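Reader: I have a structure to look at and some basic questions about it. Can we go through them in order?

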Amino acid sequence: MPSSPADVVRTVATGVSRLIAGNLTEQETQGQLDHLASLYAEHTDVRHPFAPTGDTPLRTRAELRQHFAEGPARTPGVDRFEPVGHVHETADPEVVIFEFSYVGSANGRSFTVPCTFVARVRDGVIVESRDYVDHVGMARAFGRLHNLATALAADSGGDTSFRTQS
């Protein structure tokens with residue numbers, strides 16, 4: 001197990017990277033999912049405040065394991081996916097800020113998706129986290145912009161009048 005709050009958040013991002021990059025056997029995937037879930041307290045509060053279709057808090061290890069298990073299905077064609085950045089320690093020894101980007105390539109296209117995790121780590125496990133991810137950038141990286149736009153249109157009752165200026 002990681003020894004410091006900084007090591008815990010780095011280990012999470014690296015573990016997610018391994019899942020998304022694929023090339024794992026089913027046994028390795030299940031082991032990675034178990035390991036990622038074990039980095040969180042049994043009862044936790046993980047949120048994604050910038051999730052475009054709404055934030056659903058993840059409150060248990062089982063919910064987190066399921067969340068991590070869904071990632072590879074949403075990210076086909078990955079050639080490379082790795083976290084690059086640094087951890088900032090704060091005045092509170094339990095709280096760290098991991099400012100990083102997932103850098104990689106999918107379907108022959110390179111991408112950089114900025115992220116910031118603000119995590120509270122107690123007794124070696126995450127008890128609370130706010131994960132700020134560029135969800136539009138993630139959708140773009142994996143060729144899912146249309147899926148995101150469709151979900152957003154459905155969420156707004158079908159109003160598609162919003163147009164991005166070029």
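Author: This is a predicted model. In the largest cavity, α1 (5–21) and β6 (125–133) each supply at least two residues of the lining.

Reader: Which element gives the most to the lining of the largest cavity?

Author: The lining is made up of V9, V12, Y40, F117, I126, S129 and D131. Both α1 and β6 supply at least two residues. With 3 residues, the element that gives the most is β6.

Reader: How many residues of that lining are charged?

Author: The lining of the largest cavity, which holds about 30 Å³ of space, includes 5 nonpolar residues and 1 polar residue. Asp counts as charged, and D131 is among the lining residues. The number of charged residues is 1.

Reader: D131 is buried, so which side chain of opposite charge is nearest to it?

Author: D131 is found in strand β6, and its side chain has a polar contact of 2.5 Å with that of S129. A salt bridge needs a nitrogen and an oxygen within 4 Å. D131 has no salt bridge, and the nearest side chain of opposite charge, 7.4 Å away, is R130.

Reader: How many salt bridges are there in total?

Author: Side chains of opposite charge can pair when their charged atoms come close. One such pair is D34 with R65, where the closest N and O atoms are 2.8 Å apart. The pair links distant parts of the chain, with D34 in helix α2 and R65 in helix α3, 31 residues apart. The count of salt bridges comes to 12.

Reader: Is D45, which forms a salt bridge with R47, buried or partly exposed?

Author: The closest N and O atoms of D45 and R47 are 2.8 Å apart. R47 is partly exposed, with a relative accessible area of 23%. Buried means under 20%; because D45 has a relative accessible area of 14%, D45 is buried.

Reader: R120 forms a salt bridge with D92; where is D92?

Author: The closest N and O atoms of R120 and D92 are 2.9 Å apart. R120 belongs to strand β5, and the two residues are 28 apart along the chain. D92 lies in the loop between β3 (78–89) and β4 (95–106).

Reader: What do the salt bridges that share partners join D45 and R120 into?

Author: D92 is partly exposed at 29% relative accessibility, and R120 is partly exposed at 22%. Salt bridges that share partners join these two residues with D45, R47, R59, E94, R122, E128 and R130 into one network.

How values were computed:
Residues numbered from 1 in each chain as written. Predicted model: local features only at pLDDT ≥ 70, side-chain atom pairs only at ≥ 80, totals over all residues. Heavy atoms only, no water. 1 Å grid on protein atoms, 1.4 Å probe; cavity = no way out; pocket = protein on both sides within 12 Å on 5 of 7 lines; lining within 4 Å. Points joined across faces, edges and corners; volume = space filled by probe spheres on them. Helix = DSSP H or I, 4+ residues; strand = E, 2+ residues; numbered from the N terminus. Buried < 20%, exposed > 50% of the residue type's maximum accessible area, 1.4 Å probe, protein only. Lys, Arg positive; Asp, Glu negative; His and termini not counted. Polar contact = N/O pair within 3.5 Å; in protein donor to acceptor, adjacent residues only side chain to side chain.
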